[in-house]
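Let's take a walk through this fold together, one element at a time. Have the sequence and the model side by side as you read.

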Amino acid sequence: MEEEFDVWPCLWPAFLLFNRMSTQWRAGAGGAIGLDYSSIRDVAGFLGIKKKKLAEIFPDLQVLEGEALRVMAEERENSP
């Protein structure tokens, strides 16, 4: 069953960018360690996000990244 949730309009650009960055994770021996920041500008450009807007939403993107890393770590701890 898919879970539905709301995204505040002011956070939509960061969420959209985070969603499109889903294949751009750096990984180590223990799993994901963070997003590949070198690809953020390219992905943002594909989405039509300008440099100024990217600078504004980057902190929100980092919050999403941090939460995703926390959830992935929790899932690793709880897996058999």
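Start with the two strands, S1 and S2, which pair in the antiparallel sense over 4 bridges. In this predicted model, they form a hairpin with 2 residues between them. You can follow the register residue by residue: Gly28 stands opposite Gly31 in S2, and Ala27 has Ala32 in S2 as its bridge partner.

Now step back to see where that hairpin sits. The protein chain has 3 helices and 2 strands, and reading along the sequence gives the pattern α-β-β-α-α. Along the principal axes, the C-alpha atoms fill a box of roughly 45 × 30 × 20 Å. Of the 80 residues in the chain, 24% are buried. Among the contacts with a separation of 6 or more, 54% are made by residues 24 or more positions apart.

Next, turn to helix H3, which runs over residues 51–78. Its 28 residues reach 39 Å from the first C-alpha to the last, close to the 40 Å expected at 1.5 Å a residue. The helix does have a bend, though: at Ile57 the angle is about 45°, and a proline, Pro59, follows within four residues.

Which residues of H3 are buried? They are Leu54, Ile57, Leu61, Glu65 and Ala68. Ile57 is therefore a residue to look at twice, as it is listed among the buried residues of H3 and also marks the bend, with buried meaning under 20% relative accessible area. The spacing of such a list is easier to read with a little helix geometry in mind. An α-helix has 3.6 residues a turn, so residues three or four places apart point the same way. As for what covers the buried residues of H3, the cover includes helix H1 (12–20), strand S1 (25–28), strand S2 (31–35) and helix H2 (40–46).

One name on that list deserves a closer look. Glu65 lies in helix H3, and because its relative accessible area is 8%, this glutamate counts as buried. What does Glu65 touch, leaving aside its neighbours within four places in sequence? Its contacts are Phe18, Trp25, Gly34, Leu35 and Tyr37. With Tyr37 there is also a polar contact, side chain to side chain, at 2.7 Å. Glu65 can be placed relative to Phe15 as well: the two are 50 residues apart in sequence, while their C-alpha atoms are 10 Å apart in space.

Phe15 brings us to the aromatic rings, where the count comes to 4 aromatic pairs. In one of them, the rings of Trp12 and Phe15 have their centres 5.3 Å apart and their planes at 35°, so the pair is tilted. Both residues lie in helix H1, 3 residues apart, about one turn of the helix. Trp12 counts as partly exposed because its relative accessibility is 42%, and Phe15 is partly exposed too, with a relative accessible area of 21%.

Another pair joins Tyr37 and Phe58: the ring centres are 5.3 Å apart and the planes stand at 80°, so this pair is edge-to-face. Tyr37 lies in the loop between S2 and H2 and Phe58 in helix H3, so the pair ties together parts that are 21 residues apart in sequence. Tyr37 is partly exposed, at a relative accessible area of 37%, and Phe58 counts as partly exposed at 24%. Tyr37 thus appears in two settings, in the ring pair with Phe58 and in the polar contact with Glu65. Back in the other group of rings, Phe5, Trp12 and Phe15 form one aromatic cluster.

Finish in the loop between S2 and H2, where Ser39 lies. Is Ser39 buried or exposed? Its relative accessibility is 10%, so Ser39 counts as buried. Not counting residues up to four places away in sequence, Ser39 touches Met21 and Gln24. With Gln24 there is a polar contact between the two side chains, at 3.3 Å.

How values were computed
Residues are numbered from 1 along each chain as its sequence is written. This is a predicted model: local features need pLDDT of at least 70, side-chain atom pairs count only at pLDDT 80 or more; totals for chains, interfaces and linings use all residues. Side-chain values use heavy atoms; hydrogens and water are left out. The expected span of a helix is 1.5 Å times one less than its number of residues. The bend at a residue is the angle between axes fitted to the seven residues ending there and the seven starting there. Buried means under 20% relative accessible area, exposed over 50%, partly exposed in between (1.4 Å probe, protein chains only). Contact means heavy atoms within 4.5 Å. A polar contact is a pair of N or O atoms within 3.5 Å; within protein, one must be able to donate a hydrogen and the other to accept it, and residues adjacent in sequence count only if both atoms are side-chain atoms. Two strands pair if DSSP finds at least two bridges between them. Rings of Phe, Tyr and Trp (its six-membered ring) pair if their centres lie within 6.5 Å; planes under 30 degrees apart count as stacked, over 60 as edge-to-face and the rest as tilted.
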